[in-house]
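The following exercises are to be worked with the sequence and the model at hand. Each task is followed by a solution in steps.

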Amino acid sequence: MDKNLKQIMYRSYLVIFSLFIFSIVLIGKLIHLQFFQGEKYRDLASKRTLKNDILQPSRGNIYADDGSILATSVARYEVRWDAAVPSKIIYQSNKNELAKGLSMIINIDQNDILKKLDEAVYRKNRYLLIAKGLSYSQQKRVKKLPLFKLSPNKGGLIIEQQIFREHPLGRIAERTIGYEVKDNKGKFLRVGLEGAFGQYLKGDEGRRLKQKIAGGQWKPINDNNEKEPTEGFDIHTTINVNIQDIVHTALLEQLEKFEADHGCVVVIETSTGKVKAIANLGRTEVGTYYEKLNYAVGEAHEPGSTFKLISMIAALEDKVIDENTLIKTGNGELTFYGKYKVRDSKKGGYGTITAGKVLEVSSNTGIVKIINDNYKNNPKRFVDRLYNMGVNKPIGLPIKGEGNPKIPYPNDTDWDGLDLPWMAYGYGVAMTPLQTLTFYNAIANDGEMVKPRFIEKIGVIGELPQQIFGKEILNPSICSQSTIEKVKNMMFNVIDKKWGTAHNIKDRDFAIAGKTGTCQVDYNRIGKEVQYISSFVGYFPANKPEYSCIVVIHRPNKRLGYYGSTVAAPVFKKIAKKIYTATPKKVHVDLEQLKSLSPEIVENKFENKY
């Protein structure tokens, strides 16, 4: 009996001792966690239940040249409710009026709202969605409703703000103004001016502390933000809303008329390089058009006959010809290496004509003979002249995606005997529409090549500008003044003379100067039907240029027409005439003549004339 009792006592002592040791270890662990690892686990717990939610700032506005808003940030509000906050008495006494008020604001049946609120109270939903996408005035009305007008810790109202980008004038110049797109990796990127000047537009992010609640939802802890977001700077563009509307409408009508694949138009102010309008329209599968890609900036392609002007300038500058040099175009066909042919659009050719008329009638054989006959023994001389004019370099636009020009050089490994004659009339080379326009604008600007620009200034209205963008000269003189005058006359004759390729757009009210282009595409691809790019580039008024413009239309329906004179040139004329007639004309007043008139006559003249 004593022996059994002793065994029970030993076991009891062992259990007590084990419990004592366990208690010591447990207390030690608690002390260690509290004083040595407490901060670590408190931080971990905080991170799992608390977070600083990023509040996106309101991006700066983008304005047209007259102050019209092209893009702006608009706040939309999400209304939620913590059903566990208000007491039962407060809720019951306010719920009917609350449901009635919400019904009037968010246009949902009052009984449905009341049912939703009661269910939230029953389930103790701490983050019930009431409405989203509300305007500022709507969320202000919500805050004045019974129950919701109480402080958040009594009424339970939670309002969160979201920022959305809107375009008040619609999709005008959408690819240039910019918007958000998703790339192949699922990452959101901004294109156009939105992307190029994002560092100014974006502003500074704010922060709001949120706590994790049931259901994995995050609820704001305070009614106020820990850090308020700061609005971004505004961008003032060179885009003119009226000219943009003219350009967009004219391009769309012609694309639809000729069932073309896509096209673009750019209008720039001659002396400053300010881009006043830019339209890029691509065709959908159902035959409608929208701002699909920024073709004017990013699509480098063979320009065809519009490149002949560049070739002509090179030949005139090197004095291998003058405008009156006679060029034998023969029967309108040249053959290289026994099988590669250059043909004129006119059957039978133009015979012997002056170099000036070669450009005016857009003779392929004529310009090829001018360049090939004079440079075949030293093609570097010709290409160096092109490089000297800067046509081999990108413009350096702030908008991402500018296409790279291609001007082959005789040292290239793939240079062959066809490169020189083919370059002469715009094949084997590549330029974007805006690069081509920049060169033609230099002719209109008496040789000074200015960089096209989309931005006037960046800043906040009422404050000094953060940055001002002035005129930027790419090349002070692309060629001599005598050459400028000669090619200006040729470009004028393209429209003015009856033999000119764009005589069909001659207007008796004002003069236009320019060059047509009709370029084949898919001509080397087996099984592909030859298509065309129709273009026209020039300036107006011809005697004192104010605007330069390019029209490029890809793959028109050949059955309906494909020549630059038929497809692109009429668009140019329509745009030019509308801009010209809408622009106030300066009236010259002869002060000396006025001095000889009596005050009564002077007053009468001014009343009638002005």
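**Exercise 1. Pairing around strand E19**

Determine how strand E19 pairs with strand E20 in this predicted model, and identify the partners of Lys457.

Step 1. E19 and E20 (residues 467-468) are joined by two bridges and pair in the antiparallel sense. Within E20, Ile468 is the bridge partner of Lys457.

Step 2. E19 (residues 455-459) also pairs with strand E10 (residues 234-237), through four bridges, and these two strands run antiparallel. Here Lys457 in E19 stands opposite His236.

Step 3. Lys457 is thus matched with Ile468 in E20 and with His236.

**Exercise 2. The six-stranded sheet**

Establish the strand order of the open sheet that contains E11, and state which strands form its edges.

Step 1. The order of the six strands is E13-E12-E11-E24-E23-E22, with antiparallel pairing.

Step 2. Strand E13 (289-290) and strand E22 (513-521) each pair on one side only and are the edge strands.

Step 3. For one pair within the sheet, take E11 (residues 262-269) and E12 (residues 275-283): seven bridges connect them in the antiparallel sense. Val265 has Ala279 in E12 as its bridge partner.

Step 4. Helix H18 (residues 481-496) packs on the sheet and touches E22 and strand E23 (531-540). The direction of H18 makes about 75 degrees with that of E22.

**Exercise 3. Helix H12 and its neighbour H14**

Decide whether helix H12 is largely enclosed or open to its surroundings, then describe its packing with helix H14.

Step 1. A residue counts as buried when its relative accessible area is under 20%. Ten of the ten residues of H12 (residues 308-317) are buried, so the helix is largely enclosed by the rest of the structure. The buried residues include the charged-class Lys308 and Glu317, as well as Leu309, Ile310 and Ile313.

Step 2. The axes of H12 and H14 (residues 364-375) are 11 Å apart, and the packing angle is about 40 degrees. Angles under 35 degrees count as roughly parallel; H12 and H14 are therefore oblique to each other. Their crossing is left-handed.

Step 3. On the H12 side, the contact is made by Lys308, Ser311, Met312, Ala314 and Ala315; on the H14 side, by Asn364, Ile367, Ile370, Ile371 and Tyr375. By class, this contact has seven nonpolar, two polar and one charged residues.

Step 4. Following H12 in the chain is Lys319, whose phi is positive, near 60 degrees.

**Exercise 4. Helices H3 and H5**

Classify the relative direction of helices H3 and H5 from the angle between their axes.

Step 1. The axes of H3 (residues 88-106) and H5 (residues 136-143) come within 10 Å and cross at roughly 175 degrees.

Step 2. Angles over 145 degrees count as roughly antiparallel. H3 and H5 are therefore roughly antiparallel to each other.

Step 3. Leu102, Met104 and Ile105 of H3 make the contact with Gln138, Arg141 and Val142 of H5. The classes represented are four nonpolar, one polar and one charged residues.

**Exercise 5. Backbone exceptions in the loops**

Describe the backbone geometry at Asp446, Arg555 and the Phe540 to Pro541 peptide bond, and place each in the chain.

Step 1. The background expectation is that most residues other than glycine have a negative phi, and most peptide bonds are trans.

Step 2. Asp446 has a positive phi, near 60 degrees. Asp446 is located in the loop between helix H17 (433-444) and strand E18 (449-450), and is partly exposed, with a relative accessible area of 40%.

Step 3. Arg555 likewise has a positive phi, near 50 degrees. Its loop lies between E24 and helix H19 (564-567). With a relative accessibility of 31%, Arg555 counts as partly exposed.

Step 4. The bond from Phe540 to Pro541 is cis, and its omega is near -20 degrees. Pro541 belongs to the loop between E23 and strand E24 (547-554).

**Exercise 6. The chain as a whole**

State how many helices and strands the protein has, and what share of its residues is buried.

Step 1. There are 22 helices and 24 strands.

Step 2. Of the 610 residues in the protein, 46% are buried.

Step 3. Among contacts with a separation of 6 or more, 69% are between residues 24 or more positions apart.

Notes: Residues numbered from 1 in each chain as written. Predicted model: local features only at pLDDT ≥ 70, side-chain atom pairs only at ≥ 80, totals over all residues. Heavy atoms only, no water. Buried < 20%, exposed > 50% of the residue type's maximum accessible area, 1.4 Å probe, protein only. Pairing = 2+ DSSP bridges. Axes fitted to C-alpha atoms, helices over the stretch in contact; angles between N-to-C directions. Parallel < 35°, antiparallel > 145°, perpendicular 65-115°, else oblique. Left-handed = near helix turned anticlockwise from the far one by under 90°. Contact = heavy atoms within 4.5 Å.
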